[in-house]
Amino acid sequence: MIGVPRPLSLLCEITYRCNLQCPYCYNPLNLAAYRTELDLARWLGAVDEAAEMGVLQLHLSGGEPTLRSEDCVAIVERASSRGLYTNLITQGTFLDDALLDRFAGGGLAHVQISIQGPDAPLADRIAGARVHDRKMLAIKRVLARGDMAFTLNFVLHRENHDRLADVISLAESLGVKRLELANAQFYGWALKNRAWLMPTREQVRDAARIVAGSQERLRGSMAIEYVLPDYFGEYPKPCMHGWGNAFLTIAPDGTVYPCPAAASITTLSFENVRDRGLREIWEDSEAFTAYRGTGWMREPCRSCDRKDIDFGGCRCQAFALLGDAALTDPACVKSPRHDVMRAAVDEPAPAEMVPRRISASVSAADGG
Amino acid sequence: MKASSRPSLAPGVRIRKEGDGVAFLLIPEGVVELGDTALAIVELVNGERSVDEIVLVLADRYEGPDEGLGADVRAFVAAFTERGYFA
């Protein structure tokens, strides 16, 4: 079809189940609504379709994808055999040598493991489970093998921002070559816990200095990618490189989304691979065409010289914070509602966070 | 880049050839498009051939030694090694 871009990347969220309870998770609050998961045959069908559509990268995530480890291996095998780059995004608690062998045999190219802090007391408190030591073992196993690329991921928020330098030191001592330091993005559970997670201005300022210094010092031995905190900048992130432009996400129940947070936009209806082909959903479904390109934009985006740089920012954020997904992302200084970002930064932090739990998801989704 | 070093694709780096002659290097951070010459070099990198041997294969393929070819290949291999695509 003329005018429809080629999708480059497919995110398969194969389950929302997880043995961790991280409050910064961007999964939707109503996790229980996704309990009926696609079976393996459906996932493999989706991979085949994605390959036909020209997708180059397949990311396996969740929840914790390795709770369906056999299915993950089969998906990796299929995707690799179709020439896709395969990436496993995991918290690593189940990555033993036997499973790594199977992934390697299936052609897995890249593993990303997240940690919640540089040591067990902090990390386990954030994760809501005693898992840090097991995760460290998994990281060491992957690095010792050396047959797949590895990225260490650390999500930053108020409770662990001050430990940033310790995480960089830990990564150095492990021999990590790629480190992703990502400020929490406020969607799903993270949005619910925003006031608890929001870093202070001082933390953000210190982090910029620490990261820049480390990037300089470690050039050539470790690549550090720093994901900026959305609420502190002048311009929004170029979210998904444009809506329906390069990325698609399939949720555990088969619903197809332009991004992993899009389910939060309740004014759109999303289609499911159980009902319709992936290509058709990508090319002409209401959800994917709604904000594709720049034609949907209003002012100040419409006449902005940055509209092809950041694509108006994030639709989910515009909807979550302003109630209209077609508005300029309020993260942009040009948004007439940029004040909501400042107000969120200044909001006092509550003493408690809401742990991500499926059992709690019904009351959490109701605002309880 | 030493002429005797034997580069290989780094772990987690894959070559992807499209039907229409377009080729990509798939890397953890994303996708790098490869031109014809780049693809020719990348396909010869296997951990066994030295940089000199890669130059010889290319010189043979493109008929005749070219003064600049060796330097070009060494610069390319050095750049891809620095970016982490070659080990």
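Modeller: Before we begin, one definition: two strands pair if DSSP finds at least two bridges between them. Please also bear in mind that this is a predicted model.

Biologist: Understood. How many bridges are there between strand S3 and S4(A), then?

Modeller: Strand S3 (residues 85–90) of chain A and S4(A) pair over 4 bridges, in the parallel sense. Within that pairing, Thr90(A) has Ile113(A) in S4(A) as its bridge partner. The connection from S3(A) to S4(A) passes through helix H3 (residues 97–106) of chain A, and this β-α-β crossover is right-handed.

Biologist: Is S4(A) buried or exposed?

Modeller: Strand S4 (residues 110–115) of chain A is mostly covered, with 6 of its 6 residues buried. His110(A), Gln112(A) and Ser114(A) point one way, Val111(A), Ile113(A) and Ile115(A) point the other way, and all are buried.

Biologist: Why would they split like that?

Modeller: In a regular strand the side chains alternate between the two faces of the sheet.

Biologist: And what pairs with S4(A) besides S3(A), and over how many bridges?

Modeller: S4(A) pairs with S5(A) over 6 bridges, in the parallel sense. There, Ile115(A) stands opposite Phe154(A) in S5(A).

Biologist: Follow the sheet onward. Which strand does S5(A) join next?

Modeller: Strand S5 (residues 149–156) of chain A is joined by 5 bridges to strand S6 (residues 178–183) of chain A, and the two run parallel. Leu156(A) has Asn183(A) in S6(A) as its bridge partner. Together with helix H6 (residues 164–174) of chain A, S5(A) and S6(A) make a right-handed β-α-β unit.

Biologist: Which strand lies beyond S6(A)?

Modeller: S6(A) is also joined by 5 bridges to strand S7 (residues 223–227) of chain A, and these strands run parallel. Arg178(A) stands opposite Ala223(A) in S7(A).

Biologist: Now the core. Which residues touch the most other members of the largest nonpolar core?

Modeller: Leu58(A) and Ala190(A) do, in a core of 115 residues. S5(A) gives the most to this core, with 6 residues.

Biologist: What does Ala190(A) touch?

Modeller: Leaving aside residues up to four places away in sequence, Ala190(A) touches Tyr24(A), Cys25(A), Tyr26(A), Ala184(A), Gln185(A) and Leu197(A).

Biologist: Changing topic: how many residues of helix H13 are buried?

Modeller: In helix H13 (residues 315–322) of chain A, 6 of its 8 residues are buried, so the helix is mostly covered by the criterion of 20 or more other C-beta atoms within 10 Å. The buried residues are Arg315(A), Cys316(A), Gln317(A), Ala318(A), Phe319(A) and Leu321(A). Their cover includes helix H14 (339–346) of chain A. Just after H13(A), Gly323(A) takes a positive phi of about 85°.

Biologist: On to chain B. What pattern does chain B follow along the sequence?

Modeller: Chain B follows the pattern β-β-β-α-α-α, which comes to 3 helices and 3 strands.

Biologist: What radius of gyration does chain B have, and what would a compact globule have?

Modeller: Chain B has 13 Å, which agrees with the radius near 12 Å that a compact globule of 87 residues would have. The C-alpha atoms of chain B fill a box of roughly 35 × 30 × 20 Å along the principal axes. Of the 87 residues, 21% count as buried.

Biologist: How many residues does each chain bring to the contact?

Modeller: Chain B brings 9 residues and chain A brings 13 residues. Strand S1 (14–17) and strand S2 (23–27) of chain B each supply at least two residues of the side that touches chain A. By class, that side of chain B has 5 nonpolar, 2 polar and 2 charged residues.

Technical notes: Residues are numbered from 1 along each chain as its sequence is written. Chains are lettered from A and ligands numbered from 1 in the order in which they are written. This is a predicted model: local features need pLDDT of at least 70, side-chain atom pairs count only at pLDDT 80 or more; totals for chains, interfaces and linings use all residues. A residue is buried if 20 or more other C-beta atoms lie within 10 Å of its own, exposed if 12 or fewer, and partly exposed in between; C-beta atoms are placed from the backbone. Two residues are in contact if their C-beta atoms, placed from the backbone, lie within 7 Å. Ala, Val, Leu, Ile, Met, Phe, Trp, Tyr, Cys and Pro count as nonpolar, Asp, Glu, Lys and Arg as charged, and the others, Gly among them, as polar. A crossover is right-handed if, with the strands pointing away from the viewer, the path from the first strand over the helix to the second runs clockwise. A nonpolar core is a set of buried Ala, Val, Leu, Ile, Met, Phe, Trp, Tyr and Cys residues joined through C-beta atoms within 7 Å. The radius of gyration is taken over C-alpha atoms; the globule rule is 2.2 Å times the number of residues to the power 0.38.
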